[in-house]
Amino acid sequence: NSNLFSKLLRRISSPKGESTLLSTSLIVCLSILVLKLIFGGSRFYENFLDENSVVEWLTALFLMLSAYFASLIYLSKGSPFPKGIFFALALIFFVAGMEELSWGQMIFNWDSPEGFTVLNSQGETNIHNLHGISKLIDPALLFFSLISACFSLRESKPNLWSGFNYMRFSRGLSPMLFMASIFCALTIFLPGETFLGRISQDIEWAEFLISGSILMQIIFLIARFSRKDDI
């Protein structure tokens, strides 16, 4: 109900909504490149991308907000969206956001159970850093970001399953998704290399870009139908 959010919805719901998303995506990508070129390899840059850092907190925030908005879509009466899909998405985003926060450990700084610490590559209380699973996360992010970016550039077809059309990212978000896939690929294939900072840290940028794209896409969906339906 805030004026700022209402203005954002009106701007995105206008015919130039996708152009707004494209401009935002390009600004975000350019800002990351400038930050990396200027500060890459410095102590400031290392801390900026390290565990429990600004980027990681923003990623968790974006995921939790995405879960919140997806749950609003699910709970809204007369929603034009497939509710089952958005209930599942809300659950997925919530779990992903809590995983980023190690289920509260980053906030309250409690110690992980001793038996769990042995199984976790970072000694944290989360699933995505468990031995075996942690090696699958980066390829999964690469697959998701690359496929999402490619499908966002394709024209939607009316005869396609409607749920797929709702889950397609806007074309305006393709720069962020392509940049995320590049960061993922570099992290996977050049994990020990250093170029303007440790390449292995760039996976944090990928997670940030993917979570930001998800949040912007959900807001875009709400805005696009806000004038037609009471969401």
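1. The structure holds two salt bridges, a salt bridge being a side-chain nitrogen of Lys or Arg within 4 Å of a carboxyl oxygen of Asp or Glu. This is a predicted model, in which local features need pLDDT of at least 70 and side-chain atom pairs count only at pLDDT 80 or more, while totals for chains, interfaces and linings use all residues. Residues are numbered from 1 along each chain as its sequence is written, and side-chain values use heavy atoms, with hydrogens and water left out.

2. One salt bridge joins the side chains of Asp 202 and Lys 36, at 3.1 Å from N to O. The pair links distant parts of the chain, 166 residues apart, with Asp 202 in helix H11 (residues 202-226) and Lys 36 in helix H2 (residues 17-39); helices are DSSP runs (H or I, at least four residues) numbered from the N terminus. Both Asp 202 and Lys 36 are buried, where buried means under 20% relative accessible area, exposed over 50% and partly exposed in between (1.4 Å probe, protein chains only).

3. In the salt bridge between Glu 46 and Arg 198, the closest N and O atoms are 2.6 Å apart. Glu 46 belongs to helix H3 (residues 43-49) and Arg 198 to the loop between helix H10 (174-189) and H11, so this pair ties together parts that are 152 residues apart in sequence. Glu 46 is buried, with a relative accessible area of 15%, whereas Arg 198 counts as partly exposed at 35% relative accessibility.

4. Ser 170 has its place in the loop between helix H9 (162-167) and H10, and Ser 170 is buried, with a relative accessible area of 4%.

Notes. Helices (H or I, at least four residues) and strands (E, at least two) are DSSP runs, numbered from the N terminus.
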